[in-house]
Amino acid sequence: MAKIVIDGVEYEANPDNNLLQECLSQGLDLPYFCWHPSMGSVGACRQCAVKQYRDADDKEGTLVMACMTPAADGAIISIEDEGAKSFRSEVIESLMTSHPHDCPVCEEGGECHLQDMTLMSGHNYRRYDKKKRTHRNQYLGPFVNHEMNRCITCYRCVRFYGDYAGGTDLSAQASHHHVYFGRHEEGVLESEFSGNLVEVCPTGVFTDKAFSENYSRKWDLQTAPSVCVGCSVGCNTSPGERYGSLRRTVNRYNSEVNGYFLCDRGRFGFDFVNNSDRLLEPVQRVDNTGELLADDQVKAFIKEFKADGTIGIGSPRASNESNFALRAMVGEENFYAGYSDVEHESMQVLLGLASDTAFHSPSVREIEMADAVLILGEDVTNVAPRIALALRQSVRNKAKDLADESRIPQWQDSAVRELAQHDLSPLSIISSAVSRLDDVASDKVIESLSVVAAMGHQIANKISASAPKADCSAAHDQIIEKVVEQLKAAKRPLIIAGNSNGSEVIRAAANIARALYNFKDNSVIDLCLLVPEVNSVGMSLMTNAKNPLGAALKKLHDGTAKRVIVLENDLYRRASRAKVDAALTAATKVLVLDQLPTSTTANADVVLPATAFSEHEATYINYEGRAQLSFQVHQCKKQAKPSWRWLCDAEHVDDLVERCCNEVPGLVRLREVLPGENPFIAGMKVPRQSHRYSGRTAMTANVNVHEPKQGEDKESVMSFSMEGMPAQKDASVHAASWAPKWNSNQSISKFQDEVNGELKQGHPGCLLIERKDSSGSYFKPVSDSIEPSENQLRLVFSYQIFGSDELSARSKPIQARMTDAYIGLSPKDAQKRDLRQGDVATISPLGSPVVICIRRGIKAGTALLHCGDGNISPADFSGLIEVEKSATQTTSRGIGNLIVSDFHEEEINS
Amino acid sequence: MSQQVIASTAVKARRLSAEEIVEIEHEMTLYPDKKAVGLEALKIVQKHQGWVSDESLLGIAKYLDIPAADLEGVATFFNLVYRQQVGKNVILFCDSVSCWIMGCEGIKSHIKDKLAIDYGETTEDGDFTLIPVPCLGDCDKAPVMMVGPDMHRNLTPEKIDSIIMDCKTIQD
């Protein structure tokens with residue numbers, strides 16, 4: 001620890017940090033633009049100037065940029081020095097010469113870092129009366145608006161987009177007064193993380209396009225701490241609501257999970273909540289028409305289901321509480337998994353590994369610490385995008401080591417990058433298709449899935465001879481050797497796999513991790529196993545291993561079970577059409593609870609409307625076994641209720657959580673995520689509305705001039721009101737970050753124990769799964785026995801960030817980026833079948849139509865299938881398929897939105 | 001680093017000519033990093049084509065396998081990489097301090113009258129483009145300007161006339 005003096009006060013400081021970081025960590029106000037907590041310093045904006053003194057006798061001092069000066073022991077600085085202050089106000093005055101006076105019509109207004117800093121720096125009168133430079137704006141796709149005139153050239157956008165997130169289509173252009181941040185030409189921003197520009201930009205150059213179509217000021221949004229339901233990472237979000245509709249999602253800081261950034265699925269995928277097709281009333285299907293049900297009718301109907309012969313099918317996209325309520329209602333033995341049987345099988349393998357003491361499931365922050373990574377068979381960018389962003393940081397650990405050797409501080413971002421150039425920590429990808437992480441990969445192997453798994457087993461065997469050998473051709477021996485050496489040499493190696501394509505790859509990944517565990521004298525190895533949905537892990541912890549979906553469908557079909565309750569799930573995505581049809585036809589009564597109509601609700605006798613993630617309080621468990629609490633943001637005006645409320649008599653989420661803890665072995669610690677009594681101060685709740693929330697009394701004046709009573713929230717520690725006391729002691733109740741003088745998201749530093757640290761009130765979630773099984777052993781490799789015939793191709797499922805997730809696919813901004821179902825083929829296989837880019841083809845066995853996408857990076861003999869959103873069901877296909885050119889070529893299907901790096905180009909040019 | 005291709009926006013990149021490729025390949029042997037060759041490649045293409053069109057820029061990006069956005073950043077940073085079509089002769093006219101003292105304003109208005117173009121404009125026949133530059137480093141012979149590779153010093157209206165005449169004759 002170093003001691004530094006700031007304006008005469010002594011502070012303890014970390015000498016590895018710079019002065020700006022330390023000032024902010026101490027809660028002091030020092031303006032800045034180009035510095036960002038997760039991107040380090042470049043010293044571009046000159047806004048954080050302070051006076052530094054040589055010693056106590058030095059009265060003159062020199063101006064230094066706080067962000068470029070180490071917090072060395074004995075440093076004496078002054079923020080309040082008149083010289084420093086006037087320098088800062090002159091800097092901002094010059095940055096602001098061409099900034100338009102458009103705050104009233106700018107979407108950033110009210111949460112603008114530039115507004116805050118301008119005020120803080122004391123620049124309150126514009127002396128510049130010349131003509132301002134103006135720019136043309138670009139169309140950047142459905143997510144982000146562009147308004148270049150507001151730019152103050154801090155370079156944060158390109159530093160995030162290119163340096164941090166690896167995007168290649170946004171750059172700084174031109175020079176001096178004309179510097180322009182944009183694409184080479186108008187078009188969709190290709191990075192999956194483009195939405196973060198909205199929060200990274202200190203002013204309104206990049207704003208949320210979906211939000212601007214339904215805009216509201218930050219202070220007029222009702223917000224609550226929420227968890228993204230887009231994938232299994234469980235990023236923390238703050239969704240905002242106004243006038244009954246959900247308007248936008250912004251990042252909510254969690255030191256362990258998402259830090260400062262979200263992916264675009266998470267940011268723009270919330271809009272399904274506002275979908276006009278939402279199910280909002282209980283409906284009974286009578287002769288193909290819907291009939292509204294009254295309360296007592298619903299009750300009578302549910303009562304019918306409480307008899308014997310009822311089974312329940314859970315959902316990986318529903319909360320723990322709703323899954324538990326269903327399980328409690330039908331009994332554990334009658335509660336079945338809500339995902340495909342293939343996924344169920346791999347989930348069992350995964351759960352077994354989750355309790356193994358040899359492994360650790362790393363959080364996103366821990367993934368960033370890995371110094372050698374092996375991805376086995378998983379397309380991380382599309383399955384768990386936020387983790388792909390973390391992996392892009394992990395490869396920079398090499399650069400950080402080099403910087404340490406050269407004694408360059410880590411926060412010297414540009415210097416560290418210059419030093420390392422293209423020198424990256426090893427990241428090897430062995431998979432069946434080119435992925436969006438390939439540009440930072442040290443080695444890539446494209447092989448069929450069975451070879452991928454075999455290579456994994458082989459790597460394990462080479463690391464530790466105790467691991468079993470696999471049948472693996474010698475073709476990749478060199479790379480295997482290299483990967484083995486890299487993993488062995490690493491201080492913190494990381495193995496990543498997932499269950500998008502069966503369990504054999506997971507077994508192979510586990511063997512590698514176990515071999516490393518043995519090799520490294522029993523030091524715990526990071527093994528990150530990805531699952532697709534927000535609560536895949538939670539639901540699987542509640543489901544008996546002997547209760548896969550297939551067994552439920554069989555029971556219904558053969559009449560052993562008569563009634564079925566389907567919880568927030570479209571079974572047609574989980575099992576083949578024939579099987580689901582047969583089961584639902586055979587069942588005497590089908591009850592479905594969901595938010596949006598699906599093929600399953602269409603076949604239900606009764607459909608009960610369920611609330612969406614922002615309309616109820618719930619807990620979810622992410623890929624690492626981390627339980628997190630998501631608060632209700634707003635009320636659902638119609639009759640939708642949380643599914644558990646339809647199914648059981650519990651009054652309160654807390655009651656169900658308590659029962660989960662007691663009745664589900666894996667969820668014993670779930671209650672730790674609840675806020676308890678702490679947030680209450682003098683009996684006051686935490687308000688969801690800001691202290692500036694406007695127009696409350698007039699909101700419904702068009703209907704009735706009498707001010708309605710504020711909605712009551714009897715369940716939670718939060719209220720639908722402006723009154724109350726902001727959360728003081730529990731960060732899980734901290735929704736919209738705001739501090740005096742800091743209206744923008746940069747105010748978060750006021751809530752962190754230090755910059756980039758944990759939130760002062762703690763609470764990054766609770767790791768539920770206890771590791772106590774030390775008896776784990778290697779898996780025996782299972783080789784793929786099926787040989788394809790002449791016309792057959794090996795099927796691999798491909799996830800897409802936009803479209804593969806069922807709910808976000810009902811969100812308008814996401815729909816603008818989705819593609820139809822397609823088959824990815826190697827140029828060779830396409831030619832063989834006389835198929836060209838964009839052709840429509842049919843695939844066996846169902847003859848479903850798909851678009852052809854020819855990619856250079858696909859191995860001949862493999863067909864990559866993306867199912868689109870409900871175009872076709874993955875459950876209908878497995879193993880080997882045949883692809884044929886369709887007799888009817890429609891133009892209504894397309895893959896125009898697809899962004900891949902290995903698109904077979906000759907075809908599109910012709 | 002490999003470029004991403006969006007299926008829907010397949011803008012056609014120009015195939016670089018054999019001469020351009022030979023020169024770019026030579027430059028590639030001089031730098032450890034392909035990104036560093038970007039500027040040289042732009043200069044080479046400009047030498048052959050007169051300017052750098054969108055198609056040329058994409059062609060270079062594709063050939064070097066670097067992001068077009070990055071190359072655009074380089075191309076637009078330098079004033080003398082022309083991203084718009086210029087005339088056959090580019091007049092780089094110095095309007096900096098020394099030339100100003102020596103009366104470059106009068107010379108400029110003479111050019112303006114003679115060719116009917118202002119800064120940043122090209123004559124209708126496509127022969128001349130007039131661009132201001134801050135200094136050509138020949139202050140003791142001010143006012144000065146460059147036309148193509150040639151430096152013209154101690155300018156007078158008469159000299160301007162003959163320079164323009166010469167350029168036209170050479171072309172014809």
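The following questions and answers concern a predicted model.

Biologist: What ipTM and pTM does the predictor give the complex?

Modeller: The structure is a predicted model, and the predictor scores the complex as a whole. It assigns a pTM of 0.95 and an ipTM of 0.89.

Biologist: Where in chain B is confidence lowest?

Modeller: Chain B averages a pLDDT of 90, and 92% of its residues score at least 70. Residues 1-10 of chain B, however, stay under 50, and the model has 34 contacts beyond four places in sequence for them. Confidence is highest in helix H1 (residues 18-28) of chain B, at 97, and lowest, at a mean of 44, in strand S1 (residues 5-6) of chain B.

Biologist: How far apart are the C-alpha centres of domain 1 of chain A and domain 2 of chain A?

Modeller: Chain A is divided into domain 1 (2-95), domain 2 (357-532) and domain 3 (792-909). Between domain 1 and domain 2 of chain A, 9 residues of the former are in contact with 6 residues of the latter. The side of domain 1 that touches domain 2 has 3 nonpolar, 5 polar and 1 charged residues. The C-alpha centres of these two domains of chain A are separated by 39 Å.

Biologist: Is helix H13 (residues 385-394) of chain A largely enclosed by the rest of the structure or exposed?

Modeller: The buried residues of H13(A) include A:Ile387, A:Leu389 and A:Arg392. They pack against several elements of chain A, among them helix H7 (264-268), strand S19 (372-376) and H14. Because 10 of the 10 residues of H13(A) are buried, the helix is largely enclosed by the rest of the structure.

Biologist: How are H14(A) and H15(A) oriented to each other?

Modeller: Residues of H14(A), including A:Leu402 and A:Ala403, meet residues of H15(A), including A:Val416 and A:Leu419. By class, this contact of H14(A) with H15(A) has 6 nonpolar, no polar and 3 charged residues. Helix H14 (residues 397-405) and helix H15 (residues 413-420) of chain A have axes 9 Å apart, at an angle of about 100 degrees. As angles of 65 to 115 degrees count as such, H14(A) and H15(A) are therefore roughly perpendicular.

Biologist: Is A:Ser599 buried, exposed or partly exposed?

Modeller: A:Ser599 is found in helix H22 (residues 599-602) of chain A. Leaving aside residues up to four places away in sequence, A:Ser599 touches A:Asp570 and A:Tyr572. A buried residue would need 20 or more other C-beta atoms within 10 Å, and an exposed one 12 or fewer. A:Ser599 has 16, so it is partly exposed.

Technical notes. Residues are numbered from 1 along each chain as its sequence is written. Chains are lettered from A and ligands numbered from 1 in the order in which they are written. This is a predicted model: local features need pLDDT of at least 70, side-chain atom pairs count only at pLDDT 80 or more; totals for chains, interfaces and linings use all residues. Axes are lines fitted to C-alpha atoms, for helices over the stretch in contact, and angles run from 0 to 180 degrees between N-to-C directions. Helices (H or I, at least four residues) and strands (E, at least two) are DSSP runs, numbered from the N terminus. Angles under 35 degrees count as roughly parallel, over 145 as roughly antiparallel, 65 to 115 as roughly perpendicular and the rest as oblique. Two residues are in contact if their C-beta atoms, placed from the backbone, lie within 7 Å. Ala, Val, Leu, Ile, Met, Phe, Trp, Tyr, Cys and Pro count as nonpolar, Asp, Glu, Lys and Arg as charged, and the others, Gly among them, as polar. pLDDT is the predictor's confidence in each residue, from 0 to 100. Domain bounds come from an automatic or database domain assignment.
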